[in-house]
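Trainee: I'd love a close look at just one part of this model, taken slowly and with the residues named. Could you choose a region where I can follow the pairing of the backbone from one element to the next?

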Amino acid sequence: MEYDRKVEGYRPVAERLKHFREFTQPMETTDLEKQGARCMDCGIPFCHSGCPLGNLIPDFNDAVYHGQWEKAARLLHATNNFPEFTGRLCPAPCEEACVLGINQDPVSIENIEKNIVETAFAKGWIHPEPPLGRTEKKVAVVGSGPAGLAAAQQLNRAGHWVTVFERDEKPGGLLRFGIPDFKMEKSVIDRRLNILKEEGIRFKCGVHVGKDLPAAALKEDYDAVLLCGGATVRRGLPIPGAALQGVVQAMDFLAQNNRKVADVPFEGAPIDARGKHVIVIGGGDTGSDCIGTSFRQGASSVTNFEILDKPPLGRPEGQPWPFWPMRLRTSSSHLEGADRYFSISTKAFKGDPQGRLKSLITVEVEWEKSNGKRLVLKEVPGTEKEWPCDLALLALGFTGSEPTLAESLGLEMDPRSNIKASARDYKTNAPGVFVAGDQRRGQSLIVWAISEGRQAAHHIDAFLMGRSELPLKGGGDLPRI
Ligand SMILES: Cc1cc2nc3c(=O)[nH]c(=O)nc-3n(C[C@H](O)[C@H](O)[C@H](O)COP(=O)(O)OP(=O)(O)OC[C@H]3O[C@@H](n4cnc5c(N)ncnc54)[C@H](O)[C@@H]3O)c2cc1C
Ligand code: SF4
């Protein structure tokens, strides 16, 4: 009733486009404490169920309001291994479920979360917590994205010896080689990795399980194996001209740029947006990251196409509070000057005699209900248009998990090309082999990956020891931090 919602602002566009660093403007502690005061400590806090981790949101909001930042940090770490990732990158389904959001702006939960964990790091409250004893059980985790890292930390805390295998040169998964530095600087990952290493987790990078190391060997050498390899198969666009030079998969562009920013070698020909008319095809997170990266590389123009209709600004009918609504979302990258078009489909790429992309052809589309149920795509006659374009970035999503590991371990897949396991126990059909994160649920969110990693750790611990005290969703004993 007394305070309006306030979150960290952004540095001006002209200034932030000169670099790849984060660009949010810090808030005063007193302002953050006032934001904590906006939480109403509801009898039934719907934000708990909005958050896939079951974060203890009213509790840490109240601690912040009372200036008890160390208590807030303990509450936050009781449910979330890496609030510095979610506090920067989560789309905050908790805020869509906040009761205050029914008729006002919701509590700025994500921003409070980020500031709690950053205060805790700055004050030195976060330090390694090695287990008090060891079980002598060995667990192999394949993949070091947020799912693998969360599971590794939980299993290590239960006293098991954990080794994380990662085919990239450094751990982090999409946090390191997908998401650009301007959304999260990689020092944020390294800071947490140092803690994990000091706690006793071993990392073997540059090891592609299934190629450099047979997956079956892991099963023999370890008491349990957890697969967290992500959903990495990219969707293509098989239309005329797709093989032209300048038609590029978004992930090739983003991963290469992150390596450039980190000043480490990359494979393949350089992909550079400087001076080019860039068209990003696909309106999701990946597309948005391509927009911000293209602007920072010096693109002449950046245009974004989305095949779906433009969603409404407010909640659509049929998606009431406290559910996650499909409404128009505008990222900081969109605000940097991209032209966005909806209900548009790309029909063909056109090139010059040297095979270089020069333009693309689109058509407007409509989504019609067939038999009053399924939406069917219809092209609008007479709406074909040619757009100048020298770099087209395909950000069309991912179609599932790579098949190598599943094939070599004889694992069943689900109908969506993910490795099959129930969220009840994360067990695959191979005894002792578990799967979590995007490799189980398909391309999703960091908060879900952490949540699945934590829960899989509980079930692996129970498989190894007969029972587990590791928490499932929500709290458990509050850690020292
Ligand atoms: C460009 C982009 C931007 C995104 N932005 C956001 C965002 O802002 N907010 C958000 O919440 N989510 C975002 N997401 C989604 C989010 O990054 C993922 O949901 C999350 O990283 C999944 O975590 P994971 O641990 O399951 O898998 P990943 O992060 O994909 O990690 C899998 C790891 O396994 C490794 N691996 C795979 N197979 C093998 C093998 N055989 N041997 C060894 N290693 C292997 C891979 O190299 C990789 O490091 C984004 C996704 C993309 C692509
Ligand atoms: S992790 Fe995401 S959903 Fe959970 S409290 Fe933080 S911002 Fe909200």
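Mentor: Happy to! One definition to begin with: two strands pair if DSSP finds at least two bridges between them. Please keep in mind throughout that this is a predicted model.

A little context before we zoom in. The protein chain has 17 helices and 18 strands, and its C-alpha trace spans about 70 × 60 × 50 Å along the principal axes. For 481 residues, a compact globule would have a radius of gyration near 23 Å, and the chain agrees because its own value is 23 Å.

The part I'd pick is the open sheet of 5 strands in the order 8-16-9-10-11, where the pairing is parallel. Its edges are strand 8, residues 247–249, and strand 11, residues 339–341; each of these pairs on one side only. From one strand to the next the twist averages 20 degrees. A helix packs on this sheet too: helix 13, residues 250–262, touches strand 8 and strand 16 (391–394). The direction of helix 13 makes about 70 degrees with that of strand 8.

Now look at the end of the sheet with strand 11. Strand 10, residues 301–305, runs parallel to strand 11, and 3 bridges link the two. That count meets the cut-off of at least two bridges, so the two strands qualify as a pair. If you want a residue to click on, Thr303 stands opposite Asp339 of strand 11.

The loop between strand 10 and strand 11 deserves a stop, as Pro322 is located there. Trp321 and Pro322 are joined by a cis peptide bond, with omega at about 5 degrees. Most peptide bonds are trans. So this is a good spot to inspect in your viewer if you like checking backbone torsions.

Continue along the chain past strand 11 and you come to Ser343, in the loop that leads to strand 12 (344–351). Here phi is near 55 degrees, a positive value in a residue that is not glycine. Most residues other than glycine have a negative phi.

From that loop the chain enters a set of antiparallel pairings around strand 13, residues 357–370. Strand 12 pairs with strand 13 in the antiparallel sense over 7 bridges, and Ile344 has Glu364 of strand 13 as its bridge partner. Together strand 12 and strand 13 form a hairpin with 5 residues between them. In the turn of that hairpin, Gly355 has a positive phi of about 80 degrees.

Strand 13 has further partners. With strand 14, residues 374–379, it pairs in the antiparallel sense over 6 bridges; Glu368 is bridged there to Val376 of strand 14. With strand 15, residues 385–388, strand 13 makes 4 antiparallel bridges, and Ile361 stands opposite Glu386 of strand 15. As you trace these strands, it helps to remember that in a regular strand the side chains alternate between the two faces of the sheet. After these strands, the numbering brings you to strand 16, residues 391–394, which helix 13 touches and which sits between strand 8 and strand 9 in the order of our open sheet.

For a counterpart elsewhere in the chain, look at another open sheet of 5 strands, ordered 5-4-3-6-18 and also paired in parallel. Strand 5 (202–205) and strand 18 (433–435) stand at its edges with a single partner each, so one side of each has no neighbour in the sheet. Here too the twist averages 20 degrees from strand to strand. Within this sheet, strand 3 (138–142) and strand 4 (161–166) run parallel and are joined by 5 bridges, with Ala140 bridged to Thr163 of strand 4. Helix 9, residues 146–157, packs on the sheet and touches strand 3, strand 4, strand 5 and strand 6 (224–227); its direction makes about 165 degrees with that of strand 4. Helix 17, residues 446–465, lies across strand 3, strand 6 and strand 18, at about 165 degrees to strand 6.

To retrace the route in your viewer, start at Thr303 facing Asp339, pass the cis bond between Trp321 and Pro322, pause at Ser343 with its positive phi, and finish in the hairpin of strand 12 and strand 13.

Definitions and conventions:
Residues are numbered from 1 along each chain as its sequence is written. Chains are lettered from A and ligands numbered from 1 in the order in which they are written. Side-chain values use heavy atoms; hydrogens and water are left out. Axes are lines fitted to C-alpha atoms, for helices over the stretch in contact, and angles run from 0 to 180 degrees between N-to-C directions. Contact means heavy atoms within 4.5 Å. The radius of gyration is taken over C-alpha atoms; the globule rule is 2.2 Å times the number of residues to the power 0.38.
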